[in-house]
Structures are given as C-alpha cells and as structure tokens.
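Let's take a walk through this structure together. Have the sequence and the 3D view ready, and we'll go one stop at a time.

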Amino acid sequence: MLKNITGSKAVILSLLEEGVDTIFGYPGGAIIPIYDALYDFKERVNHILARHEQGAIHAAEGYAKVNGKAGVCFATSGPGATNLITGIADAMMDSVPLVCITGQVTSPSLGTDAFQESDVVGISMPVTKWNYQITNGEEIPEIIAKAFYIAQSGRPGPVLLDISKDAQTQVLKEFEYKKCHQIRSYVPEYPTNLKKIDDAVKLINESKRPLVLLGHGVIISNAEKEIKDFLEKTGIPAAWTLLGLSALPSDHPLNVGMLGMHGNYGPNILTNKADLLIAVGMRFDDRVTGQVSSYAPNAKKIQLEIDPAEINKIIKVDVPILGDAKKALTLLTKKVKANKHTEWIKKFRKCDKIEYNTVISKSIHPEKGKITMGEAVRVVSEKTHQNAIMVTDVGQQQMIAARYFRFNHSRSCVTSGGLGTMGYGIPAALGAQLAAPDRTVVAFIGDGGFQMTLQELGTIVEHKLPVKIILLNNDFLGMVRQWQELFFEKRYSFTELQNPDFVMISKGFGMKSSRVSKRENLESSIQEMIDHPGPYMLEVKVEQQEDVFPMVPSGASVSDIMLSKEIKTEK
Ligand SMILES: Cc1ncc(C[n+]2csc(CCOP(=O)(O)OP(=O)(O)O)c2C)c(N)n1
C-alpha cells in the first residue's frame with residue numbers, strides 16, 4: 001500500500017495495474033496534473049499525442065477493436081472533452097471498450113461557468129455505458145477499477161471519468177488498487193438457459209433453409225472457432241454484418257457474403273426465403289433489415305445476444321438465447337445433428353453468379369474508363385495476401401472495401417458501423433497499427449473524410465507507424481452524390497469538392513506519398529506503397545460518378561435489392 005501520493009499519480013498507477021501501456025490524448029489546463037504525473041512514467045506508458053481529441057479517441061477505438069482491450073484516452077475539460085463526444089458515441093454504437101479520462105475545473109468552481117467548464121458528464125450521459133465525476137481523489141483507484149470492468153465486461157462500451165483538478169492534486173492518505181470483478185445490480189452476462197438451447201436445437205434440426213447472421217458479437221466474444229465448428233457441423237451458410245466482417249475467413253465454403261444495404265445479392269434476397277435465421281451477436285440494424293414489416297417473413301428466429309435490451313427490439317424472435325455467444329455456440333454445436341444443406345447453398349451460389357456478372361466483374365475488373373474503387377481495393381487485398389488489417393472511413397469507399405477486401409484473420413476490419421463517422425479512418429488506422437505492430441494496416445479513405453482528420457498524418461509520421469493510406473479520390477462526397485443521383489434527380493447539392501493537392505499535403509507532414517490515375521500504373525503504385533517500410537499515402541484518382549451496387553434503397557425490403565440503376569431484383 002502506498003501512502004501520500006497525489007490523485008494524479010493514483011490515476012497513472014491505476015492504469016498500470018490494468019495493464020495499460022498505450023494512452024491516446026491531448027493535454028490542457030484542467031488535466032495538467034495528470035500529464036505531470038505521466039511524465040515520470042514515460043518509459044512504461046506510450047502516450048500518443050494526437051493532433052485533435054477526435055483523433056485521439058478514434059485511435060483509441062482502432063486500438064481497442066484490434067486487440068480487444070479497452071482503449072484509453074485523455075483530454076482536458078471544456079473543448080477537449082466535447083471534442084471526444086463523437087468518438088464516444090461511435091464507440092457506444094459499435095460496442096467498443098474505452099476508458100476516457102477528462103480533466104475538470106476545480107470542484108468549488110463547478111457550475112459557475114468557469115473557464116473551460118463544460119458539463120461533460122451531462123453531455124456524454126446518453127452515449128456512455130457509464131460515466132462518473134470524481135471530486136474526491138480518494139475515490140480514484142476504486143472508480144478506475146470499476147471503469148475498466150464496466151467498459152470490458154458483457155457488451156463492451158465507452159466509460160468516461162471526469163476528474164476535477166483539485167481531486168488530481170489532492171494528496172491521498174493511502175493507495176491500494178483492487179481490480180473490480182463484480183458490481184451490485186450490474187449483470188454483464190446472463191448464464192445460458194439450457195431450455196432455450198434445446199428449443200433452438202429443435203428448430204435447427206428441423207430447418208430446411210437456415211441462415212446464420214454473424215455479427216460483431218462473434219468477434220467480441222472471441223467465438224471465431226466456435227462459430228466455425230457450429231457451421232461446419234450443421235452445414236448452415238453464414239452471412240455477416242459489416243462489423244462481423246473477418247470473423248469467418250472470406251474463402252470459407254459456408255461464407256455467403258455481406259448482409260445489408262450494400263451487401264451481397266444472395267444473403268439479402270434469400271433472407272426472405274429462409275425458414276430459420278440464427279442471429280449471433282448482431283442487432284438487426286436498419287441497414288441490415290431494410291423494411292422491418294417485410295423482413296424474413298418465412299423464418300423462425302433464434303437470437304444469441306449478450307444484451308437483453310437487444311432482444312425483440314426490432315425483430316421479434318422465437319428463441320432468444322441471452323448470454324455469451326461463445327458459450328451458447330459450444331452448447332448448440334454439441335447438441336445439433338450433423339447436416340448438409342447442399343441445395344440451399346446452391347441457391348446462394350446461383351445468386352453469386354448473377355451478382356458477379358452484373359456488378360462485381362465491372363467493379364473489380366473494369367476494362368476501360370477511369371480506375372474504379374473496386375479494382376483498387378482488389379489489388380491492395382491481393383498484394384497483401386488477405387492478411388492485412390483493413391481500416392476504412394465512411395462512404396462509398398467503406399462499402400466497396402467491405403465488399404471486396406478479403407480476409408484470412410479475425411479482428412482485421414476496423415470501420416465505423418453504427419454511427420458512420422466520417423473522419424474515423426486515419427486516426428483509427430494509427431490505433432490499429434499500434435495494437436498490431438507486426439501486421440500490415442491499410443486504410444481506405446475518401447477525399448471528404450480525409451479532410452476531416454488529416455491532421456493525424458502528423459501523429460502517424462511522428463511515431464513512424466507504417467500505415468498505408470489509400471485515398472480513393474472521386475472529388476465528390478461520393479455516397480451522398482449517389483443518393484442524390486438515384487433519389488433526388490441528380491440535384492448535386494453541395495457534394496462536389498474543391499480539393500487540395502493531397503500529395504503535397506501528405507508530403508508537408510513528412511509522409512511519403514504519390515498519386516496514380518492510370519490503370520496501367522495501378523498495380524506498380526500499390527506495390528511500391530506496400531514495399532515502402534514506413535507510412536505512405538497513395539492517392540488513387542477514381543471514376544467520379546461510380547455507384548455502389550447492389551443497393552437496398554432506404555426503407556425498402558431486402559427482396560427489393562437493386563443490382564444496378566436499371567436492374568431490379570427478379571423475385
Ligand atoms: C461526420 C459526418 N458528416 C457527414 C456524414 C454524411 N456522409 C456519409 S457518406 C458521405 C460522403 C463521404 O464522402 P467521401 O469521404 O469523399 O467518401 P466517398 O463516399 O466518396 O467514398 C457523407 C457526407 C457522415 N457520415 N459523417
């Protein structure tokens with residue numbers, strides 16, 4: 001037990017007790033004491049000074065998504081704290097464990113509109129899993145222990161601790177750190193109900209056309225092996241949500257592709273032909289279900305879900321199985337009959353052919369015209385042998401990357417799913433690289449999103465992180481332009497961008513960079529980028545008005561998926 005240490009030192013020691021070795025942050029007046037304490041621990045903690053608090057928090061998210069541990073983020077009060085809010089909301093939507101620590105004005109001045117005072121506890125309340133203000137330094141170890149427990153247990157999420165400046169400078173009588181393993185009235189995980197497992201087994205054994213919907217929960221619960229065992233025993237095809245991407249290798253014979261608005265043709269239309277859906281760690285997001293009233297009308301539904309709030313929230317299910325996906329899958333696999341669904345899987349493969357001929361071949365192997373986003377993604381994927389971590393920003397490039405990048409390993413897709421936060425990609429990529437220093441990290445970024453957080457190129461260069469940034473530049477806010485084209489009579493209201501010289505900007509930060517606009521130079525440019533040992537930004541000038549297809553128009557049924565502007569679904 002230590003005696004007479006400051007609250008600030010207690011913060012750092014508590015983080016060390018939790019095994020934290022990387023912190024993303026940005027200092028300011030109200031958090032100077034904590035930064036001062038950090039100064040003595042520079043050898044043990046790698047503090048990454050972002051160039052904007054939004055950069056720090058998205059980097060912490062990228063870090064957490066790749067290694068599964070909580071990302072840690074520091075910011076000062078007022079504007080520092082409010083700059084974290086988008087990232088906190090993003091982490092809440094995507095179940096990313098974060099512990100954010102903000103400095104706050106001294107406790108006597110709380111509520112007086114003191115300089116740089118903002119009520120960050122109030123502001124972040126709806127977008128945190130838990131938040132708390134510390135005004136008595138003695139609470140620091142216990143509250144930090146709780147923060148890590150809450151952020152990382154059950155359905156993970158972001159926690160914010162707001163620590164007043166006087167609590168940081170307070171001298172604590174004693175400091176002892178005890179990890180938290182339980183909190184009264186907080187149930188992170190329910191034990192698996194064996195009766196429900198039996199009910200599910202019966203439905204699975206009877207089903208002729210079952211489909212697994214594989215979500216982020218599979219990755220969060222480290223259930224990659226368990227889902228594979230389940231699929232291989234039952235012979236059931238599996239489709240994934242955007243955040244479930246990479247849980248199952250792309251080449252697995254039971255992998256039938258992506259669900260949702262820009263997902264694959266087969267899993268979308270066949271959702272409505274299935275007689276059983278088995279949702280594993282996914283929350284029936286509107287981008288996946290399309291019109292709810294016409295969703296999967298012929299299917300019974302089983303839902304494996306850790307968060308009771310997600311059961312029956314959007315889709316009424318026949319058999320809810322609350323608890324950890326890994327445990328439930330193990331039980332299910334033991335009890336289900338071995339099976340094959342050869343004829344049913346053939347239907348998916350038939351759809352794949354239709355999609356390949358109408359959409360995919362044109363997108364990834366175009367013969368003429370400007371470079372397409374799809375072919376750039378394909379080449380990067382091939383040249384990294386499906387082993388890279390793929391990071392994206394938000395928009396067309398995100399959907400194209402999710403559709404065409406291929407994976408051998410789990411935890412290899414880092415993207416902003418629920419909130420769809422432009423500006424996420426560059427900082428998330430730097431966080432991902434810090435979490436996996438030995439892996440190749442490639443980040444696909446649009447020209448709009450690039451300009452939202454490009455300041456983090458400086459952070460990447462400072463830390464010599466060998467991130468490869470592929471800027472897919474169409475000189476448009478592409479995804480919005482696509483909606484304007486399809487649904488607003490081509491009235492391109494404020495979506496064309498007057499862009500800067502991105503190569504010059506990147507070079508200004510000290511990052512090696514180049515531009516490619518001709519198909520014949522694409523492969524060699526990408527190879528050069530990959531061979532470069534340090535950070536690299538490759539600008540690819542792509543077709544300006546390419547659309548992402550297939551597309552389930554917003555609010556339409558998944559059966560109404562469009563293969564192109566002209567081709568509607570043959571039902
Ligand atoms: C912070 C934020 N603002 C606005 C949007 C709305 N939005 C979604 S996609 C998009 C266009 C993105 O354009 P760009 O970054 O160039 O990527 P592209 O779609 O062309 O690949 C916009 C504006 C958003 N998702 N996030």
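How many bridges join strand E6 to E7, and do they run parallel or antiparallel? Keep in mind that this is a predicted model. Strand E6, residues 130–134, is joined to E7 by 5 bridges, and the two run parallel. To spot one of these pairings, look for Tyr-132, whose bridge partner in E7 is Leu-161. Getting from one strand to the other involves a helix: E6, helix H7 (residues 140–152) and E7 make a right-handed β-α-β unit.

E7 has another neighbour too. Strand E5, residues 98–104, also runs parallel to E7, with 7 bridges joining them. Here you'll find Gln-104 standing opposite Ser-164 of E7.

Now stay with E7 itself. In a regular strand, side chains alternate between the two faces of the sheet. In E7 both faces are covered: Pro-158, Leu-160, Asp-162 and Ser-164 are buried on one side, and Val-159, Leu-161 and Ile-163 are buried on the other. Because 7 of its 7 residues are buried, E7 is largely enclosed by the rest of the structure.

Next stop, the ligand. It is surrounded by 17 residues, with Gln-396, Gly-420, Gly-448, Gly-449 and Gly-478 the closest. By class, that shell has 7 nonpolar, 9 polar and 1 charged residues. Helices H17, H19 and H21 each supply at least two of the shell's residues, and H19 gives the most, with 4.

Zoom in on the ligand's oxygen atoms. A polar backbone atom of Gly-449 is 2.8 Å from one ligand oxygen, while a polar side-chain atom of Gln-397 lies 2.9 Å from a ligand oxygen. Taken alone, the ligand exposes 590 Å², and the protein buries 77% of that.

Key. Residues numbered from 1 in each chain as written. Predicted model: local features only at pLDDT ≥ 70, side-chain atom pairs only at ≥ 80, totals over all residues. Heavy atoms only, no water. Near = heavy atom within 4 Å. Polar contact = N/O pair within 3.5 Å; in protein donor to acceptor, adjacent residues only side chain to side chain. Areas by Shrake-Rupley, 256 points an atom, 1.4 Å probe, with all protein chains shown as cover. Nonpolar A, V, L, I, M, F, W, Y, C, P; charged D, E, K, R; others polar. Buried < 20%, exposed > 50% of the residue type's maximum accessible area, 1.4 Å probe, protein only. Pairing = 2+ DSSP bridges. Right-handed = clockwise from strand over helix to strand, strands pointing away.
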